[in-house]
Amino acid sequence: FADITLQDEPLAPHTWLKVGGPAQFFVEPREVDELQQIVRACHKQSIPVRLLGGGSNLLISDDGVSGAVIRLPRDNFGSFETEGGRVRCSAAMPLSHLVSRTVKQGLVGLEALTGIPGTVGGALHGNVGGRQGDIGRFIRRATVMTIAGEIFTRTADELQFGYRESSLDELVILDAELELGTGDPDEIAKRMRKIWIAKKTSQPFAFQSAGCIFKNPRGKSAGELIDRAGLKGTRIGGATISDRHANFIITDDGATADDVSRLIDLARSKVADQLGVELEVEVNR
Ligand code: EPU
């Protein structure tokens, strides 16, 4: 696969935090057959494989990633079909496209996910969501590929979705079928705009970040706890705890993954010492 493999490809530009080292091998397969051949070849040679989605909830170490990092091109894996409230789409599609296309068609449910970056596959894998609900409850089935390159379908009755986690943990989610409600497009768009404005005013949108760094402890807000510990604006190297929302770390161009990790450790230990709450990291690393 020499023609589609890059060696020592910097991963920072592929992530929203824009930090971290290179991938030993970086591969962008052009279609599913090619993806399957690559995954099988890596499996045979015991080369570790990681899948890169939108890079929006991801902290890559400064040492980089050994083995192969696979990224699915957005277009070639693309499909989007609807039939009534049923939507079938490629998991490589940006979640924001899925949200806007379903809202435009008067389909109800995904407007709650407005403003969340990343791919549909990443969203399902981490069961993304917010105060208005998570994506997992809409799933009917998903096609997945295992680390050995086998493709099969998983149906809703065999899947579990929890807070920012799911049992969809195969190497690749290829596509998904969701069941949405139907409604008045204007009403849905209005609701979407409201959620969008609320997020835009409470979260640091125009900055490099990985979304919320920590999960909310049951019944509490991690952002509020970090804020109460007095950490807003705290800076280590090129990484800063956002002044707008304390559960976001924002990075400057010169930042390193180590700056971000040290800030994560600092926030965790201060919140534990001062408020007696153990925070759990949400970001993938
Ligand atoms: N708050 C503070 N200081 C802060 C941040 C928040 O006092 O620095 C207070 C707010 O005033 C509010 C409460 O904490 O009273 C909750 O804040 P917010 O409404 O912003 O929600 P959140 O619990 O911090 C969650 C999700 C977000 C999601 C929003 C909106 C988690 C970890 N976070 O945030 O998800 O966008 O609700 O639905 O579940 C993400 O997962 O990456 C993420 C950003």
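How many nonpolar, polar and charged residues are in the shell around the ligand? I counted by class and found 5 nonpolar, 8 polar and 7 charged residues. Here Ala, Val, Leu, Ile, Met, Phe, Trp, Tyr, Cys and Pro count as nonpolar, Asp, Glu, Lys and Arg as charged, and the others, Gly among them, as polar.

**Basis of the entries.** I worked on a predicted model, in which local features need pLDDT of at least 70 and side-chain atom pairs count only at pLDDT 80 or more, while totals for chains, interfaces and linings use all residues. Residues are numbered from 1 along each chain as its sequence is written, and side-chain values use heavy atoms, with hydrogens and water left out.

**Ligand shell.** I looked up the 20 residues around the ligand (a heavy atom within 4 Å of it). Arg131, Tyr163, Cys212, Asn216 and Asp227 come nearest. Helix H5 (residues 222-228) gives the largest share, 3 residues; helices are DSSP runs of H or I with at least four residues, numbered from the N terminus.

**Polar contacts.** I then searched for pairs of N or O atoms within 3.5 Å. A polar side-chain atom of Arg131 is 2.5 Å from a ligand oxygen atom. For a polar backbone atom of Cys212, the distance to an oxygen atom of the ligand is 2.8 Å. A side-chain N or O atom of Ser221 lies 3.3 Å from a ligand oxygen atom.

**Domains.** I noted domain 1 (2-71), domain 2 (80-188) and domain 3 (204-275), with bounds from an automatic or database domain assignment. The C-alpha centres of domain 2 and domain 3 are 28 Å apart. Where does the ligand lie relative to domain 2 and domain 3? The ligand lies between them, because both give residues to its shell.

Note on methods: A polar contact is a pair of N or O atoms within 3.5 Å; within protein, one must be able to donate a hydrogen and the other to accept it, and residues adjacent in sequence count only if both atoms are side-chain atoms. Helices (H or I, at least four residues) and strands (E, at least two) are DSSP runs, numbered from the N terminus.
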